[in-house]
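Reader: I have a sequence and a model in front of me. Please take me through the model by question and answer.

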Amino acid sequence: MNSKIATFFVSTLFAAALSNGLCAAPAAKTVVIKGFDTMKYDVNKIEASPGQKITVELKNGGTLPKEAMGHNWVLLKAGSDARAYAAGAVKAKGENFQPSALAGEVLAAIPVLGPGESGHITFTAPTAPGSYPYLCSFPAHFQSGMKGVLIVK
């Protein structure tokens, strides 16, 4: 096969794959998560495709004051120790409960929100398939079950 025919053949296959959605990037995804005074998220699992654009919106649906019951959302790298991150966060009130010493573990985050407040973050899902933990790093919230996982597959 000469090179012009081969180039035409490959170009035609690529165009067909694009028109059938075979090479298209995954559609963007928005996930709304609510945190409550019960120290739980209402969403504890998010599924995504590698490289998918994701917007997470966190809403604090509680009524207690921010100083007593603020909520945030912190997404960590796969294999990160969420328990260790939460333990370090307890000592990081001045850093919005996101310890700078552990910043290298964080992929995305929404700062602490008070009752009725909401915040959002848009990020690109990691390209490596795996499980990426997320948590509320406000003191005692992770230990009470305010956590989840982003599953990239």
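What follows is a set of questions about this structure, each with a short answer.

Reader: What kind of model is this, and which cut-offs apply to it?
Author: Residues are numbered from 1 along each chain as its sequence is written, and side-chain values use heavy atoms, with hydrogens and water left out. Local features need pLDDT of at least 70, side-chain atom pairs count only at pLDDT 80 or more, and totals for chains, interfaces and linings use all residues, since the model is predicted.

Reader: What is the mean pLDDT of the chain?
Author: pLDDT is the predictor's confidence in each residue, from 0 to 100. In this chain 85% of the residues reach 70 or more. The mean pLDDT is 89.

Reader: Over which residues does pLDDT stay under 50?
Author: Where pLDDT is low, the predicted coordinates should not be read in detail. The stretch in question has five contacts beyond four places in sequence in the model, a contact being heavy atoms within 4.5 Å. It covers residues 3-21.

Reader: Which residues have the most contacts inside the largest nonpolar core?
Author: A nonpolar core is a set of buried Ala, Val, Leu, Ile, Met, Phe, Trp, Tyr and Cys residues joined through side-chain atoms within 4.5 Å. Buried means under 20% relative accessible area, exposed over 50%, and partly exposed in between (1.4 Å probe, protein chains only). The largest core has 26 residues, and those with the most contacts inside it are Ile33, Ile46, Trp73 and Leu150.

Reader: Which element gives the most residues to this core?
Author: Strands (E, at least two residues) and helices (H or I, at least four) are DSSP runs, numbered from the N terminus. Those giving two or more residues to the core are β1 (29-35), β2 (45-48), β3 (53-60), β4 (71-76), β5 (106-113), β7 (130-135) and β8 (147-152). The most, four residues, come from β5.

Reader: Which residues does Ile46 contact, leaving aside neighbours within four places in sequence?
Author: Ile46 is among the residues with the most contacts inside the largest core. Its partners are Val31, Ile33, Val56, Trp73, Tyr134, Val149, Leu150 and Ile151.

Reader: How many residues of β4 are buried?
Author: In a regular strand the side chains alternate between the two faces of the sheet. In β4, His71, Trp73 and Leu75 point one way and Asn72, Val74 and Leu76 the other way. The strand is mostly covered, and the buried residues number six of its six.

Reader: Which residues are the bridge partners of Val74 in β5 and β7?
Author: Two strands pair if DSSP finds at least two bridges between them. Five bridges join β4 to β5, and these strands run antiparallel; two bridges join β4 to β7, also antiparallel. The partner of Val74 in β5 is Ala109, and in β7 it is Leu135.

Reader: Which residues are linked in a network of salt bridges?
Author: A salt bridge is a side-chain nitrogen of Lys or Arg within 4 Å of a carboxyl oxygen of Asp or Glu, and the structure holds two. Glu47 meets Lys45 at 3.4 Å, N to O, and the closest N and O atoms of Lys153 and Glu47 are 3.7 Å apart. Lys153 lies in the segment after β8 and Glu47 in strand β2, so this pair ties together parts that are 106 residues apart in sequence. The network consists of Lys45, Glu47 and Lys153.

Reader: What are the relative accessible areas of Glu47, Lys45 and Lys153?
Author: Glu47 counts as partly exposed, at 33%. Lys45 is also partly exposed, at 48%. Lys153 is exposed, at 60%.

Reader: How far is the backbone oxygen of Leu113 from a polar atom of the Asn60 side chain?
Author: Asn60 is found in strand β3 and is buried, with a relative accessible area of 4%. Among its contacts beyond four places in sequence are Leu113, Gly114 and Gly116. The distance from the Leu113 oxygen is 2.9 Å.

Reader: Is Gly116 buried or exposed?
Author: Gly116 sits in the loop between β5 and β6 (118-124). Not counting residues up to four places away in sequence, Gly116 touches Asn60 and Gly62. At a relative accessible area of 68%, Gly116 is exposed.

How values were computed: Polar contact = N/O pair within 3.5 Å; in protein donor to acceptor, adjacent residues only side chain to side chain.
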